[in-house]
Amino acid sequence: GAPGSGKSSFLMFAATDILATEPQSTALQRAHGGDLPLWLPFGFLCRHLNESTANSITSAIQAWVTQQGGPATWKLTQPALDDERAVLLVDGVDEWSDVASAEYALGLIESFLSQRRIGAILTARPYAVDRLNWVESWAKAVLAPLTHAQQVELVARALSDSDTIGG
């Protein structure tokens, strides 16, 4: 999708809906119910992989999870990854500084997934989808654009009267 079209918001929705006790999407539940969503920004992954040839998708997930929630969070996360009870959510496949790093990271993602029975949802702007060499055949979807009125309605629903801001 284009900038601001809701790609990251979609991934946030997917993560929370997969974990929800009363999910909204039966398709997500059928595909990933019981899985632990693991968020990984693509730009972070590219930088992590560039730091050392010893770095991997798993070490990137560990580094991101630890950076966000501390070592205890990784200890809770690792078993789901090891037992293939995870779904990888890769945000911003268009966020890279050079095409070689992006190609390398994408290749490692595809290899990582082909060796495991875990799913993945990746988001990208159209130019990245067209520019990068995807080895695997991925199902593709385009987010429908929202009008300003639709955006306001969504925010109003999300911030119901029972919610407070800064209070």
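Read along the sequence, this protein chain runs α-α-β-α-α-α-β-α-β-α-α. That pattern holds eight helices and three strands. Please keep in mind as you look around that the model is predicted.

**The chain as a whole**

The protein chain has 167 residues, of which 35% count as buried. Its exposed area comes to about 10,200 Å², and carbon and sulfur atoms supply 54% of that area. Among contacts with a separation of 6 or more, 68% are between residues 24 or more positions apart.

**Helix 4 and its cover**

A good place to begin is helix 4, which covers residues 57-69. At 1.5 Å a residue, its 13 residues should span 18 Å, and the end C-alpha atoms are indeed 18 Å apart, so the two values agree. Which residues of helix 4 are buried? They are Ile-57, Ala-60, Ile-61, Trp-64 and Val-65. Around the axis they cover an arc of only 125°, which means that they sit on the same side of helix 4. The elements that cover these buried residues include strand 1 (36-41) and strand 2 (86-91), along with helix 3 (42-51), helix 5 (71-82) and helix 6 (99-114).

**Where Gly-119 and His-32 meet**

Next, find Gly-119 in strand 3, which is made of residues 119-122. Its C-alpha atom is separated by 8.1 Å from that of Ala-31, although the two residues are 88 residues apart along the chain. Not counting residues up to four places away in sequence, Gly-119 touches His-32, Ala-86, Val-87, Leu-88 and Leu-113.

His-32 itself belongs to helix 2 (residues 26-32). Is His-32 buried or exposed? With a relative accessible area of 11%, His-32 falls under the 20% cut-off and is therefore buried. Leaving aside neighbours within four places in sequence, His-32 is in contact with Ile-18, Val-87 and Gly-119. Val-87 thus appears in the contacts of Gly-119 and in those of His-32.

**Salt bridges**

How many salt bridges does a search of the whole structure find? There are three, listed here with their N to O distances.

| Salt bridge | N to O distance |
|---|---|
| Asp-83 and Arg-85 | 3.0 Å |
| Arg-117 and Glu-84 | 3.6 Å |
| Arg-125 and Asp-94 | 3.4 Å |

Both partners of the Asp-83 and Arg-85 pair are partly exposed: Asp-83 has a relative accessible area of 45%, and Arg-85 has a relative accessibility of 38%.

Arg-117 and Glu-84 form a salt bridge that links distant parts of the chain, 33 residues apart. Arg-117 is in the loop between helix 6 and strand 3, while Glu-84 is in the loop between helix 5 and strand 2. Arg-117 is exposed at 70% relative accessibility, whereas Glu-84 is partly exposed at 22%.

In the remaining pair, Arg-125 forms a salt bridge with Asp-94. Arg-125 lies in the loop between strand 3 and helix 7 (126-131), and Asp-94 lies in the loop between strand 2 and helix 6, so the pair ties together parts that are 31 residues apart in sequence. Arg-125 is partly exposed at 28% relative accessibility, but Asp-94 is buried at 5%.

**A nonpolar patch**

Finally, turn to the surface, where Phe-10, Phe-13 and Leu-143 form a nonpolar patch. Together they have about 210 Å² of accessible area. Phe-10 lies in helix 1 (residues 7-19) and is partly exposed, with a relative accessible area of 32%.

Notes:
Residues are numbered from 1 along each chain as its sequence is written. This is a predicted model: local features need pLDDT of at least 70, side-chain atom pairs count only at pLDDT 80 or more; totals for chains, interfaces and linings use all residues. Side-chain values use heavy atoms; hydrogens and water are left out. Patches are made of residues with over 30% relative accessible area and no salt bridge: like charges are joined within 9 Å, nonpolar side chains (Val, Leu, Ile, Met, Phe, Trp, Tyr) within 5 Å. Accessible areas come from the Shrake-Rupley method with a 1.4 Å probe; for residues, only the protein chains shown count as cover. A salt bridge is a side-chain nitrogen of Lys or Arg within 4 Å of a carboxyl oxygen of Asp or Glu. Helices (H or I, at least four residues) and strands (E, at least two) are DSSP runs, numbered from the N terminus. Buried means under 20% relative accessible area, exposed over 50%, partly exposed in between (1.4 Å probe, protein chains only). The expected span of a helix is 1.5 Å times one less than its number of residues. The arc is that of the directions from the helix axis to the C-beta atoms. Contact means heavy atoms within 4.5 Å.
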